[in-house]
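Dear colleague,

I am handing over the structure we spoke about, and my notes on it follow below. Please read them with the model open beside you.

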Amino acid sequence: MRIALVSCVKTKRTVASPAGDLYTSPLFVALRAYANANADAWYVLSAEHGLVAPTTIIDPYERTLNTMPKRDRTAWAERVRTQLLETLPTGATVLFLAGQRYREGLSEFLSAHGFSVQVPFIGLPLGKQLQRLKALSENGYRER
């Protein structure tokens, strides 16, 4: 089973919405489509709420791991590790569709707990990720 984890982004709707629809940036929309095409299920990595199912209704918020102090990021990762162990099926492959700050404290933890971890767009700056996703969209975002 393949599970995708898509990080939250700054651009959001202004009203409470399902987590899968709350974020409106072109990158998030493309990563959501990629997750739907290449994973059996997907979740949002929210800086405010941790691991969130795309159907869970949440309010808009202004928080990001990118500006969060290290101790707060560490506490966030500890919370998300617990959520991941409660949610992920044993032996799942986890696709991180998220930047370094959202992967730190999680990738190695998941590997150590028997999950296969993949980061399809590792090392690609935002613009290159969008270019790659645009190219993949012509094939329905399928990479498998």
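What is the volume of the largest pocket? In this model, which is a predicted one, the largest pocket has a volume of about 430 Å³. Its lining is made up of 23 residues, and those that lie nearest the centre of the pocket are Ser 7, Cys 8, Val 9, Asn 66 and Tyr 102. Among the elements, α2, β6 and α4 (100-103) each give two or more residues to this lining. By residue class, the lining of the largest pocket divides into twelve nonpolar, six polar and five charged residues.

Turning to the sheet, five strands form an open arrangement in the order β4-β3-β1-β6-β7, with mixed pairing. Because β4 (50-52) and β7 (116-118) each have a single partner strand and stand at the edges, one side of each is left without a neighbour in the sheet. From one strand to the next, the twist averages 25 degrees.

The individual pairings can be followed from β1 outwards. Strands β1 and β3 run parallel and are joined by five bridges, and within β3 it is Ala 41 that stands opposite Ile 3. The pairing of β3 with β4, by contrast, is in the antiparallel sense and extends over three bridges; Ser 46 has Gly 50, in β4, as its bridge partner, and a hairpin of three residues makes the connection from β3 to β4. Towards the β7 edge, β6 (residues 93-97) pairs with β7 in the parallel sense, again over three bridges, and Val 94 stands opposite Val 117 of β7.

Two helices should be viewed together with these strands. Helix α2 (residues 26-38) packs on the sheet, where it touches β1 (2-7), β3 (41-46) and β6, and its direction makes about 175 degrees with that of β1. Helix α3 (residues 70-87) lies across β1, β3 and β4, and runs at about 35 degrees to β4. Strand β3 is thus named among the strands of both helices, being touched by α2 and crossed by α3.

Is β3 enclosed or open? Five of its six residues are buried, so β3 is largely enclosed by the rest of the structure.

With best regards

Definitions and conventions. Residues numbered from 1 in each chain as written. Predicted model: local features only at pLDDT ≥ 70, side-chain atom pairs only at ≥ 80, totals over all residues. Heavy atoms only, no water. Pairing = 2+ DSSP bridges. Helix = DSSP H or I, 4+ residues; strand = E, 2+ residues; numbered from the N terminus. Axes fitted to C-alpha atoms, helices over the stretch in contact; angles between N-to-C directions. Contact = heavy atoms within 4.5 Å. Buried < 20%, exposed > 50% of the residue type's maximum accessible area, 1.4 Å probe, protein only. 1 Å grid on protein atoms, 1.4 Å probe; cavity = no way out; pocket = protein on both sides within 12 Å on 5 of 7 lines; lining within 4 Å. Points joined across faces, edges and corners; volume = space filled by probe spheres on them. Nonpolar A, V, L, I, M, F, W, Y, C, P; charged D, E, K, R; others polar.
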